[in-house]
Amino acid sequence: MNELNIAIIAHAYEGSKEASIAKTCALIERAAKGGAQLVCLSELHQGAYFCQRQNVDNFDLAKDFNSDCEFWGSIAKKHAIVLVTSLFERRSAGLYFNTAVVFEKDGSIAGKYRKMHIPDDPNFYEKFYFTPGDLGFGPIKTSLGTLGVLVCWDQWYPEAARIMALKGAEILIYPTAIGWFDGDSSDEKARQLDAWMAVQRGHAVANGLPVVAINRIGFESARLSDKNALCAGNEGIRFWGHSFVYGPQGEKLFESDEKSEVCEIIKLDKGRCENVRRWWPFLRDRRIDSYKKILKRFC
């Protein structure tokens, strides 16, 4: 199956988990009716981005992981799609993961990926919430092909994309939640966005694979993650959108803007990757005998 209709869906937080899920489901239905076969959602799409503040009560958001999986499995089955979701997983008391769960067309779980690289920055306090992934960089086999699903902060690391490619991934997919602070200058905002897109475009070129990024949109106050926090009126993250799809030579197939909700279907030609890798055999010419230093923190 060389031709694949992939839908990327992103929208602003709707004020509650229930309202956000209802919005997502409406967009999934629209995409499925439009011929989407693979549907990808943004990072932690069920609710607000709660990592802006450190609040132990937010761990309760993971308690419904199993029922959330049952629900999204039923949505995949209803529309006969392969569905890429991003959920907060409680594995045990004190052990929580930022987990992408991929569902098959029949609603079964095709596989999971637990976010490996965990940031810790102002308003992105993910190390407080998430244990580093313990499943490694493992592509997920589906009826539509083998998906290299990574999550947000993973997108800055060429090692993660490379390992997924070496293990047979046919597409790299990044559910994402990244944005600006309103106090940043317009020049700084432009540099950050350009860097974000450039590094992922590089993953496409270096590995000869399509790259898909699905990013949140909308402003979310830090109060959403801790109602008792003392926050300035405009303190929060303005998620910058710009969801995109690049082809295996880095050609731009789609890019959204920073404000509009996204329900876009993009046709991918997976067979093109074979030709690109024949023309540019980067994997063949790797000097694997000389890369031992890459396993050091600093040389």
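These are my notebook entries on a predicted model, taken by topic.

**Entry: aromatic rings**

I began with the aromatic side chains. I noted that a ring pair is described by the distance of the centres and the angle of the planes. My count of aromatic pairs came to 22. I looked up Phe50 and Phe130 and found an edge-to-face pair, with 6.1 Å from centre to centre and 70° between the planes. Phe50 lies in the loop between β2 (38–41) and α2 (65–79), and Phe130 lies in the loop between α3 (126–129) and β6 (140–142), so this pair ties together parts that are 80 residues apart in sequence. I also checked how the two are placed with respect to solvent: Phe50 is buried, and Phe130 is buried too.

Next I took Phe71 with Trp72. This pair is edge-to-face as well, at 5.0 Å centre to centre and with 80° between the planes. I asked myself whether Phe71 is buried or exposed. Phe71 has a relative accessibility of 32%, which means that I enter it as partly exposed. Trp72 has 0% and therefore goes down as buried.

I then followed the ring pairs from residue to residue. They link Phe50, Phe59, Phe88, Tyr96, Phe128, Tyr129 and Phe130 into a cluster. Phe50 and Phe130, which I had already recorded as a pair, are both members of this cluster.

**Entry: charges over rings**

I looked for arginines whose charged end sits over a ring. Arg114 has its charged end over the ring of Phe97, 4.5 Å from the ring centre. For Arg216 the ring is that of Phe239, and the distance to the centre is 5.2 Å.

**Entry: helices α4 and α5**

Two packed helices are described by the angle between their axes and the distance between the axes. I recorded both for α4 (residues 158–166) and α5 (residues 186–207): the angle is about 35°, and the axes are 10 Å apart. The crossing of α4 past α5 is right-handed. Which residues of α4 meet α5? I listed Pro158, Ala161, Arg162 and Ala165 on the α4 side, and His203, Ala206 and Asn207 on the α5 side. Sorted by class, this contact has 4 nonpolar, 2 polar and 1 charged residues.

**Entry: Leu172**

I went on to Leu172, which is in strand β8 (residues 171–176). Its relative accessible area is 0%, so I enter Leu172 as buried. Leaving out neighbours within four places in sequence, I found Leu172 in contact with Gly148, Ala161, Met164, His203, Leu209, Pro210, Val211 and Val212. Ala161 and His203 were already in my notes, from the contact of α4 with α5. For Gly148 I also took the C-alpha to C-alpha distance to Leu172, which is 4.6 Å across 24 residues of sequence.

**Entry: Thr146**

Thr146 belongs to strand β7 (residues 145–149). With a relative accessible area of 13%, Thr146 is buried. Not counting residues up to four places away in sequence, Thr146 touches Pro139, Ile140, Lys141, Gly168, Ala169, Glu170 and Ile171. I also looked up Lys167, which is 21 residues from Thr146 in sequence; the two C-alpha atoms are 9.5 Å apart.

**Entry: positive phi values**

Most residues other than glycine have a negative phi. I therefore noted Cys152, whose phi is positive and near 40°. Cys152 sits in the loop between β7 and α4 and is buried, with a relative accessible area of 6%.

His242 is not a glycine either, and has a positive phi of about 55°. I located His242 in the loop between β12 (236–240) and β13 (244–246). At a relative accessible area of 12%, His242 is also buried.

**Entry: Cys263**

My last stop was Cys263, in strand β15 (residues 262–269). Is Cys263 buried or exposed? Its relative accessibility is 18%, and the cut-off for buried is under 20%, so I enter Cys263 as buried. The residues that Cys263 touches are Ile8, Ile9, Leu27, Arg30 and Ala31, with those up to four places away in sequence not counted. I took one distance from Cys263, to Gly136: their C-alpha atoms are separated by 30 Å, and the two residues are 127 apart along the chain.

Conventions
Residues numbered from 1 in each chain as written. Heavy atoms only, no water. Phe/Tyr/Trp six-rings, centres within 6.5 Å; stacked < 30°, edge-to-face > 60°. Helix = DSSP H or I, 4+ residues; strand = E, 2+ residues; numbered from the N terminus. Buried < 20%, exposed > 50% of the residue type's maximum accessible area, 1.4 Å probe, protein only. Lys NZ or Arg CZ within 6 Å of the ring centre and 35° of its normal. Axes fitted to C-alpha atoms, helices over the stretch in contact; angles between N-to-C directions. Left-handed = near helix turned anticlockwise from the far one by under 90°. Contact = heavy atoms within 4.5 Å. Nonpolar A, V, L, I, M, F, W, Y, C, P; charged D, E, K, R; others polar.
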